[in-house]
Each structure stands twice: as structure tokens, then as C-alpha cells.
Amino acid sequence: MASRTEILAAIAAGALALVLTGCGASAPETSASGAAAETVASVAPSAPATEAPADPPAAPSCDTVFTEAEYARLAEDGLGLKEDPYLLGPVMERMEAEGALICVWTKPNSDVSVWYARLEVGDQGQAWLDQLQAEGWLEDTHQGDGSYQAPADYDANYQPSVMLESGVLHFASYNAILREVLELQ
């Protein structure tokens with residue numbers, strides 16, 4: 001019969017083995033005499049520690065949607081961000097009603113403006129494009145970039161374009177501005 005000291009030693013060895021291996025996959029084996037056997041539980045190597053997920057990218061804002069070059073052009077042309085903008089037609093109004101980011105840069109004391117809207121539409125993107133096509137928007141085959149252009153009578157001064165990319169609908173007062181949207185680079 002094993003002595004009390006041998007039993008306590010076996011328990012201590014078992015506890016130490018558990019602490020050192022970090023898991024309780026198996027208890028230490030004891031021999032017929034009751035002494036702890038010198039066995040180490042085989043443990044599969046653990047996967048490398050994964051890094052904590054990075055913070056999701058900040059949502060685009062009117063200060064971050066375009067390339068630096070485009071912001072420089074806007075400033076050079078004297079255009080500044082307008083706080084309570086006039087929206088460019090019914091599509092932009094619908095986008096705003098759905099919670100779109102709306103940005104308008106205007107030149108003081110003039111009718112010169114640049115409009116941009118961004119709406120996450122997810123799997124509803126094709127429904128948006130279907131509705132636009134029903135309203136006369138046509139794929140811009142000249143640009144060949146997958147954008148759609150408003151009908152000629154959409155606005156007297158502007159012929160906006162939209163582009164659907166990765167579940168996001170982008171609206172711009174003219175097609176070339178779409179090439180300056182960072183998400184579309």
C-alpha cells in the first residue's frame with residue numbers, strides 16, 4: 001500500500017504536469033507500487049496565436065472618399081464642402097432617403113458644384129441598376145468601366161453617372177469623378 005507521502009507526491013506531479021502542458025488531456029499514470037510514472041501527455045502543437053482582428057476601416061466621409069489629387073483640384077478650383085447641399089435629382093434624393101453619404105462641393109457665388117453620393121446597397125445593387133435602366137439610364141459603353149449615365153434630360157447642366165462596385169452604389173455629377181473615388185481605384 002502506498003504511503004500518504006507517495007500519494008501526495010503523485011497528485012502534485014499530476015497537477016504540475018497539467019499546469020506545464022496547459023490542458024488536462026490525461027492524468028499521470030501510476031505504477032503498481034503507486035508511484036507516479038514519468039509520462040508526459042502528448043499535446044498537439046497549438047496553432048500560432050492569431051492577432052486580434054484589426055479595427056474595421058473607418059466609414060468613408062466627404063473628407064476621405066476621393067484621391068488626394070482630386071481634393072487638390074477641388075481646392076484649386078475654389079470648391080468647398082457645402083453643409084446643406086442641393087441634391088442633384090431624384091436618384092440622389094432616393095439615395096439620401098436610404099441613408100447615403102452625400103457630399104457636395106460648391107464654388108461660392110457661382111453655380112459650379114461637384115456632387116457625390118455613396119450608398120451601401122449590398123445584394124440590392126442589381127435592383128437599383130434595374131430601376132435606373134427603367135428610368136432611362138444607360139451603361140456607358142464609351143467609358144467601358146461598368147458605369148451608367150443619366151438620360152440627357154436628367155439635369156440641364158449635368159449628366160451624372162453611377163457605378164455599382166462590391167455592394168456599394170456610387171453617384172457622381174459627372175463620370176470622370178468616379179475615377180477619383182478611392183474605393184473604385
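User: What helices and strands does the protein chain contain, and how are they ordered?

Analyst: The protein chain of this predicted model has five helices and seven strands. Read from the N terminus, the elements follow the order α-α-β-α-β-β-α-β-β-β-β-α.

User: What makes α3 roughly antiparallel to α4?

Analyst: Helix α3 (residues 89–97) and helix α4 (residues 125–134) pack at an angle of about 155°, and their axes are 12 Å apart. An angle over 145 degrees counts as roughly antiparallel. The angle of about 155° passes that cut-off, and therefore α3 is called roughly antiparallel to α4. As for handedness, α3 passes α4 in a right-handed crossing.

User: Which residues make the contact of α3 with α4, and how do they divide by character?

Analyst: Helix α3 contributes Val91, Arg94 and Met95, while α4 contributes Trp128, Gln131 and Leu132. These residues divide into four nonpolar, one polar and one charged. Val, Met, Trp and Leu count as nonpolar and Arg as charged, whereas Gln falls among the others, which are polar.

User: Why is Val114 called buried?

Analyst: Val114 is in strand β3 (residues 113–120). A residue is buried when its relative accessible area is under 20%. Val114 has a value of 4%, so Val114 is buried.

User: What surrounds Val114, apart from its neighbours within four places in sequence?

Analyst: Val114 is in contact with Leu74, Leu79, Cys103, Val104, Trp105, Ser173, Tyr174 and Ile177. In addition, the C-alpha atoms of Val114 and Tyr158 are 9.7 Å apart in space, although 44 residues separate the two in sequence.

User: How do you know that Glu180 counts as buried?

Analyst: Glu180 lies in the segment after α5 (175–178). The relative accessibility of Glu180 is 18%, and the limit for a buried residue is under 20%. Glu180 therefore counts as buried.

User: Which residues does Glu180 contact, leaving aside its neighbours within four places in sequence?

Analyst: The contacts of Glu180 are Val65, Phe66, Thr67, Glu70, Arg73 and Gln185. For Glu180 and Glu70, the sequence separation is 110 residues, and the C-alpha to C-alpha distance is 6.2 Å.

User: Why does Asn109 count as exposed, and what is its phi?

Analyst: Asn109 belongs to the loop between β2 (101–106) and β3. Exposed means over 50% relative accessible area. Asn109 has a relative accessibility of 86%, and so Asn109 counts as exposed. The phi of Asn109 is near 55°, which is a positive value in a residue other than glycine.

User: Why is Ser166 called exposed, and where is Ser166 found?

Analyst: Ser166 is found in the loop between β6 (161–165) and β7 (168–172). Its relative accessible area is 69%, to be set against the cut-off of over 50%. Ser166 is therefore exposed. Phi of Ser166 is near 55°, a positive value in a residue that is not glycine.

User: What share of the residues in the protein chain is buried, and what area does the chain expose?

Analyst: Of the 185 residues in the protein chain, 31% are buried. The protein chain exposes about 11,900 Å², of which carbon and sulfur atoms supply 54%.

User: Among contacts between residues at least 6 apart in sequence, what percentage joins residues at least 24 apart?

Analyst: In the protein chain, 49% of these contacts join residues at least 24 apart.

Methods
Residues are numbered from 1 along each chain as its sequence is written. This is a predicted model: local features need pLDDT of at least 70, side-chain atom pairs count only at pLDDT 80 or more; totals for chains, interfaces and linings use all residues. Side-chain values use heavy atoms; hydrogens and water are left out. Axes are lines fitted to C-alpha atoms, for helices over the stretch in contact, and angles run from 0 to 180 degrees between N-to-C directions. Helices (H or I, at least four residues) and strands (E, at least two) are DSSP runs, numbered from the N terminus. Angles under 35 degrees count as roughly parallel, over 145 as roughly antiparallel, 65 to 115 as roughly perpendicular and the rest as oblique. A crossing is left-handed if the near helix is turned anticlockwise from the far one by less than a right angle, and right-handed if clockwise. Contact means heavy atoms within 4.5 Å. Buried means under 20% relative accessible area, exposed over 50%, partly exposed in between (1.4 Å probe, protein chains only). Accessible areas come from the Shrake-Rupley method with a 1.4 Å probe; for residues, only the protein chains shown count as cover.
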